[in-house]
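Hi everyone, thanks for making the time today. I'd like to walk you through one model and then leave room for discussion. Have a look at the sequence and the structure while I talk.

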Amino acid sequence: MIDALDIIQNNRELLTRALLVTIYLNCLSVLLSLVLGVFIGMAREYGGHITYVVLGAFVDVIRSIPILVIIIWTFFGLPLILGLQNFPPLVAAVIALGVHSGVYISEVVRGGLASVRQGQWQAGIALGMTPIMVVRRIILPQAAIRMLPPISSRVIRNIKDSALAATIAAPELFWASNTLEGETAKPFPIYTTLMIFYFLFNLGVARGLDQIYSRVAIRGRA
Amino acid sequence: MVVFNWPSFWEAFPVLAPGLTMTIGLTVLVMPIAVAVGLALAVTRLYTPKPVARVATFWVEVWRGTPLLLQLYWLYYVMPSEFGLQISAFTTVTIGLVCNVSAFLSENFRAGISSIRHGQRNAALALGMSETRAFFRVVLPQAWSRTLPETVNIWVELFKETSLVATLGVADLTYRAMALREENYRTLEVLTALALYYLFLAYPQAKFSDWIYRRTRTKE
Amino acid sequence: MINDDRVHAQGRPQLISIENVTRRYPNGVTALRGVSMVAYEGEVVCIIGPSGSGKSTLLRCVNGLEPIDSGRILFDGRTVGVKGRPAREIRRHIGMVFQSFELFPHMSVLANVGEGPRTVLRLPKQEVEQRAQTLLERVGLADKATSLPAQLSGGQQQRVAIARALAMEPRAMLFDEATSALDPENIGEVLSVMQALAQDGMTMLVVTHEMEFARTVADWVVVMDDGLILEEGRPERVFEDPRLARTGEFLSRVRKTS
């Protein structure tokens, strides 16, 4: 493992940049997935039958295709459809991960909104609120709290999937590790260290999200 | 609008088809082994003395908490270099997939069995059953229906995750698609055909999984 | 048209008028088969009857929570609707208390009580807080202002729910089996609040199984069964001398269990 420390020391710049790219990639894709997930989830829950079916088809399609294939398709195929020359791998990865995770989150959102009791609706309407007010002030806050655990596991999943961005040469940590392996021919210390990193990173994120949830959980009780 | 070369699109399907055997074959090969290993891990975590259980939990958390691609790469490089084993890419990815999937399955089984254990187990023991008999005749059958939806889910995920083996040169659907693309440069057509393959296969499985979820929910 | 028995309501305006209302659910069940009744300002009307008689449905039609298929409902002379601004306008003047309390779990008790004035009436923050605090005192829960609903007992939650409805300064209050979901030891505290409200002159429509409450607090009793009103009258008259056999059967069934 001294090897590992040596390699890290000698390639500090590369690894720091790769770490930043990894964090950047995950933050952006998670953000995109949350926005997309809430939008699609709410549209399907409140938007009427046609919206439900059409967006439902989109959700089902994305869920059926492996994330690796989505990443590759987005990087190689999407620019051709949009008529673009180049597509930075990072952009493609953010879009692919964001849409993929977003679709799963939309199902969580939909389930969360539906899980709020009818009585809560009635109580809001009985006070004279408009439907929009009821959703904004009563339904959404409660549902959001309940959605936290499944969304947090999606976030963890997203972090793991982000390693696949290396296949389209996005300069994140896994890609950097492959580069280093090619240079030094020392796969064991490199990949083992990366495993440890991901393990600890995910553990930290999971714990953090659990903490947040435990603080607010009592406000989401049925 | 972009030009979509329909002939090369239709031609892609038969070229990719042999990859289907590998994709499906891997799934069918890995799942039963993973179920067995997963069950063993779950039982270890629940019924063995604390230190042993902790090791099993740690093992499971490592395989659940790190990216599958990295796991496959790690095994692929580390097996020969550190363990001196010269094994094929196919065997490596099979082992990797089993380790990964069994970890998720074990967590699923553990949670399912746990959710039943106490009350039911007590009732069985009060009737005079032994621990083992109580487990097999009372706890496990009930845990089965609770864990089924998630197990089917994991199966569908496994089916999709086999695509990662392409990065190590195992000739599944994705590998063949990338190879074909490099030959004829028909990126959009080939990749869309690839996506459609997975769509047609995974979509019904995912719908089946949803159906199972709904059925077990209403039962309870 | 004031009934002979209804002397207490003489001279008072009709606040709620239910005219030949029918309501049929999409699944085919007819909950209301042509119900007509009135409630005068300041009156406490208790609606009793077996489960499934349509009592709760009727209540939900009065504030437009549920649509009606025929007939009409007037509140203070205005027709009660289900959608749109006029409907919401009317709801501001009617308070409703639910069997399952339906406090908003993500807000504190004080925020719950203040939610109506804040979001619907758009009153300034100061006034909202003051109003909420005063009402919590009125129902005896001033010390629970910062607690969350999950930390309160059922009886306490229901009292908060009453305060929440009162915060809108309604002209009438609808109680939908307000004590049915409570443990026996908590029922009393809620009924006390309701009785105090009645004594303050609030117009109340109370769907209840609590016969003692109906007998002692109500000005008028309406007996429903199977989507129709069987009879109505002063509580002493309905309980002692029911006109219909079915009423008598229902009352004796209830007496046996209480």
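I'll start with the chains, then go on to helix packing, the nonpolar cores and two backbone angles.

One thing to keep in mind from the outset: this is a predicted model.

Let's begin with chain A. It has 9 helices and 0 strands, so if you trace the sequence you read α-α-α-α-α-α-α-α-α. Taken along the principal axes, the C-alpha atoms of chain A fill a box of roughly 70 × 45 × 25 Å. Chain A has 222 residues, and 51% of them count as buried. For those of you who like contact maps, take the contacts in chain A with a separation of 6 or more: 76% of these come from residues 24 or more positions apart.

Now chain B. Here we have 7 helices and 0 strands, running α-α-α-α-α-α-α from the N terminus on. The C-alpha trace of chain B spans about 70 × 50 × 25 Å along its principal axes. Of its 220 residues, 48% count as buried. And for contacts in chain B between residues at least 6 apart in sequence, 77% join residues at least 24 apart.

How do the chains meet? There are 2 pairs of chains that touch, and the pair with the most contacts is A and B. Chain B and chain C, on the other hand, have no contact joining them. The closest C-alpha atoms of chains B and C lie 20 Å apart.

On to helix packing, in chain A. Two packed helices are described by the angle between their axes and the distance between the axes. My first pair is α6, residues 118-126, and α7, residues 131-161. These two helices of chain A pack at an angle of about 140 degrees, with their axes 9 Å apart. Which word fits that orientation, then? The angle makes α6(A) and α7(A) oblique to each other; the cut-off for roughly antiparallel is over 145. The crossing of α6(A) past α7(A) is right-handed. If you want to find the contact on screen, α6(A) brings Q120(A), W121(A), G124(A) and I125(A). Facing them from α7(A) are P131(A), V134(A), V135(A), I138(A), I139(A) and Q142(A). By type, the residues of this contact between α6(A) and α7(A) are 7 nonpolar, 3 polar and no charged.

The second pair is α1, residues 2-10, with α9, residues 187-216, again in chain A. Their axes come within 9 Å and cross at roughly 80 degrees, and α1(A) and α9(A) are therefore roughly perpendicular to each other. On the α1(A) side you'll see D3(A), A4(A), I7(A) and I8(A), which meet P189(A), I190(A) and T193(A) in α9(A). That contact of α1(A) with α9(A) divides into 5 nonpolar, 1 polar and 1 charged.

Next, the nonpolar cores. Which residues have the most contacts inside the largest one? They are F174(A), I16(C), I18(C) and I47(C), in a core of 146 residues. Let's zoom in on F174(A), leaving aside its neighbours within four places in sequence. In chain A, F174(A) is in contact with A163(A), A166(A), Y191(A) and L194(A). From chain B, the contacts of F174(A) are L69(B), L70(B) and Y73(B). Apart from the largest core lies another, of 50 residues, with I48(C), L141(C), A165(C) and L191(C) among them.

What about I16(C)? This residue lies in strand β1, residues 14-24, of chain C. Its relative accessibility is 2%, so I16(C) counts as buried. Beyond its neighbours within four places in sequence, the contacts of I16(C) are M37(C), V38(C), A39(C), V62(C), L74(C), F75(C), A172(C) and L205(C). As for R72(C), 56 residues away along the chain, its C-alpha atom and that of I16(C) are separated by 11 Å.

Last, two backbone angles for anyone who checks Ramachandran plots. A169(A) has a phi near 65 degrees, a positive value in a residue other than glycine. A169(A) is found in the loop between α7 and α8 of chain A, and because its relative accessibility is 41%, A169(A) counts as partly exposed. The other is R122(C), also not glycine, with a positive phi near 55 degrees. R122(C) has its place in the loop between α3 and α4 of chain C. Is R122(C) buried or exposed? With 63% relative accessibility, R122(C) counts as exposed.

That's my tour, and I'm happy to take questions.

Technical notes. Residues are numbered from 1 along each chain as its sequence is written. Chains are lettered from A and ligands numbered from 1 in the order in which they are written. This is a predicted model: local features need pLDDT of at least 70, side-chain atom pairs count only at pLDDT 80 or more; totals for chains, interfaces and linings use all residues. Side-chain values use heavy atoms; hydrogens and water are left out. Axes are lines fitted to C-alpha atoms, for helices over the stretch in contact, and angles run from 0 to 180 degrees between N-to-C directions. Helices (H or I, at least four residues) and strands (E, at least two) are DSSP runs, numbered from the N terminus. Angles under 35 degrees count as roughly parallel, over 145 as roughly antiparallel, 65 to 115 as roughly perpendicular and the rest as oblique. A crossing is left-handed if the near helix is turned anticlockwise from the far one by less than a right angle, and right-handed if clockwise. Contact means heavy atoms within 4.5 Å. Ala, Val, Leu, Ile, Met, Phe, Trp, Tyr, Cys and Pro count as nonpolar, Asp, Glu, Lys and Arg as charged, and the others, Gly among them, as polar. A nonpolar core is a set of buried Ala, Val, Leu, Ile, Met, Phe, Trp, Tyr and Cys residues joined through side-chain atoms within 4.5 Å. Buried means under 20% relative accessible area, exposed over 50%, partly exposed in between (1.4 Å probe, protein chains only).
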